[in-house]
Amino acid sequence: MPLRARTQRYESVIRNGMLMIWHDAEGSPADHDILPPELEGIGTDRYTDWTRKVIDVPNAHCREIVDNVVDMAHFFYIHFAFPTNFRNVFEGHMATQFMESTGRPDMAGEGYGDEDLILKSEATYYGPSFMINWLETDYKGFLTKVIPVNCHIPTGPNSFKLQYGLCVEKPEGLDDKTARYIGTKYSDMFGDGFLQDVHIWLNKAPVQNPLLCEEDGPVYQLRRWYEQFYVDAADVTEEMTERFEFEVDTTKANEFWRAEVEENLARKAGEDSSPVEPVETKS
Ligand SMILES: [Fe+2]
């Protein structure tokens, strides 16, 4: 090691099989009380191993990904599901989204779940950039527990590296190979879901003061929560960390969406039954 080499030691810990590093601009010692919780059963035979993928998002601020915590409507437009229940809780360094959805029948043929796919999701950010998502899917009585995690690291003022992965609880009675296969399938499915979000971030312009309707969710409150990670610890205010709860009423939105889906289905049925027109070819 050269004598004058400038090196820095970062405190680290292994949690749930992942390496966590404490980065603190003020140089304070690591606060182990705010580590993400230990996930029971992870690293044992009950779950598949973590899958892991990395995507570079070259032109979006990290806040764009965090904004998704309150975004109820994008589950319909981006992930092709009906969000039937949607609630947020922010408290301390944590921000949680509780969401329940069913698949969209008009998208079922495109590789997405149909209306029989019921999804229950609880997703919590532990700090500004590490999220654990407890997901349960029920497809005609076949229950699956999946735990996606994602973590984003800023690589510049307007870019970040997104790492994500998941593990699946091995359904009982299945051999390892089949369980691994299911794990890979889920990883691809949720990976594709993430990519749908990424496409938005790649093309989204930041808006500091959006004009919102009630169904847009508590965007301003979420951003106030997020602010705590951009100030010195002494400047964190009660407003940023106090408990805040908000439930979005999804009734009206789902009425419109169901009508839209019915229209799509009717149009598809019409297209399927219409005679094939001869195609003119140029030579
Ligand atoms: Fe999303």
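1. A starting point for reading this predicted model: two strands count as paired when DSSP finds at least two bridges between them. With that in hand, the strands β7, β8 and β9 are a good place to begin.

2. Take β8 and β9 to start with. Strand β9 covers residues 159–168, and 10 bridges join β9 to β8 in an antiparallel arrangement. If you would like one pair to find on screen, look for V146, whose bridge partner in β9 is V168. Two residues lie between these strands, and β8 and β9 form a hairpin.

3. Now turn to the other partner of β8. Strand β7 (residues 130–139) pairs with β8 (residues 142–156) through eight bridges, again in the antiparallel sense. Here F130 has C151 of β8 as its bridge partner.

4. Which residue takes a positive phi in the hairpin of β7 and β8? That residue is K140, with a phi near 50°, and the hairpin has two residues between its strands.

5. Please also visit E245, which sits in strand β10, residues 244–248. Is E245 buried or exposed? E245 has 12 other C-beta atoms within 10 Å, and because a residue with 12 or fewer counts as exposed, E245 is exposed.

6. What does E245 touch, leaving aside residues up to four places away in sequence? The contacts of E245 are N88 and V89. A269, by contrast, is 24 residues from E245 in sequence and 42 Å from E245 in space, C-alpha to C-alpha.

Terms used: Residues numbered from 1 in each chain as written. Predicted model: local features only at pLDDT ≥ 70, side-chain atom pairs only at ≥ 80, totals over all residues. Helix = DSSP H or I, 4+ residues; strand = E, 2+ residues; numbered from the N terminus. Buried ≥ 20, exposed ≤ 12 C-beta atoms within 10 Å, placed from the backbone. Contact = placed C-beta atoms within 7 Å.
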